[in-house]
Amino acid sequence: MAVFAVCCSDGANHNAVKYTKNDNKHIVNFNLFADGKSKRPDFISFIIKFPAGFNFYTFLNSNIDMKFMCEINNYTASLTDIDIEFKYKSQPQLLQSHKIRLVSGVNNIEIPIKDMNIDGLKQISEICFVCWESYVTEIEGMFSVENIQVR
């Protein structure tokens, strides 16, 4: 029921970020100066959209220690950090953001859900993996998000 997408702050730079899926691996390739652009985008993002909304709260009732978990593989060490943003409502509003420091290679991520607003948890619309311009150390690079779980 999820839709996966990528975006870039520079809507005219259509090739700045590309997405492919391989089994349970969501791969994001970026080239900040694609399409002959001379200015770096403010951000690039991998987005998991839930068009009908996703109710995390029902899971929280059965497990108070529930976490959002995933692996981020920083293959090319081209990122220093990534923000994982939880958004809610049909017109997405920020529920909570977590800045994650990345190392080269695999990064195991666990974010507790219990501290998030209950009303927001009942209507999650997006989970975004945002790479701000200051987090990107290389002009071209690649990262993946794998083994996405809520448990």
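**Cysteines, aromatic rings and a nonpolar core**

The sulfur of C70 lies 12 Å from its closest cysteine partner, the sulfur of C131, and that is too far for a bond. The model is a predicted one. C70 is also buried, with a relative accessible area of 4%. C128 tells a similar story. Its nearest cysteine sulfur belongs to C7, 7.2 Å away, and C128 is in no disulfide. A disulfide needs two cysteine sulfur atoms within 2.5 Å. By this rule the count is zero. C128 is buried too, at 3% relative accessibility.

Turn next to the aromatic rings. A search of the whole structure gives 11 aromatic pairs. One of them joins F4 and Y19. These rings are stacked, with 6.4 Å between centres and 20 degrees between planes. F4 sits in strand β1 (residues 3-8) and Y19 in strand β2 (residues 17-22). The two residues are 15 apart, so the pair links distant parts of the chain. F4 is partly exposed, with a relative accessible area of 26%. Y19 is partly exposed as well, at 24%.

Another pair is formed by F46 and F129. Their ring centres are 5.6 Å apart and their planes meet at 35 degrees, so this pair is tilted. F46 belongs to strand β4 (residues 43-54), F129 to strand β9 (residues 124-132). The pair therefore ties together parts that are 83 residues apart in sequence. Both F46 and F129 are buried.

The two pairs also meet in a wider group. F4, Y19, F46, F50, F54, F56, F59, F68, F86 and F129 form one aromatic cluster. A ring can also face a charge. The charged end of K122 sits over the ring of Y57, 5.0 Å from the ring centre.

Now the nonpolar core. The largest one has 37 residues. I72, I84, I127, F129 and F143 have the most contacts inside it. Eight strands are named here: β3 (25-31), β4, β5 (67-74), β6 (81-88), β7 (93-101), β8 (105-112), β9 and β10 (140-150) each give two or more residues to this core. Strand β4 gives the most, with five residues.

I127 shows what such a position touches. Leaving out residues up to four places away in sequence, I127 contacts F46, I47, I48, F50, F56, F68, I84, E85 and F86. Several of these names have come up before: F46, F50, F56, F68 and F86 are among the members of the aromatic cluster.

Notes. Residues numbered from 1 in each chain as written. Predicted model: local features only at pLDDT ≥ 70, side-chain atom pairs only at ≥ 80, totals over all residues. Heavy atoms only, no water. Phe/Tyr/Trp six-rings, centres within 6.5 Å; stacked < 30°, edge-to-face > 60°. Helix = DSSP H or I, 4+ residues; strand = E, 2+ residues; numbered from the N terminus. Buried < 20%, exposed > 50% of the residue type's maximum accessible area, 1.4 Å probe, protein only. Lys NZ or Arg CZ within 6 Å of the ring centre and 35° of its normal. Core = buried A, V, L, I, M, F, W, Y, C linked by side-chain atoms within 4.5 Å. Contact = heavy atoms within 4.5 Å.
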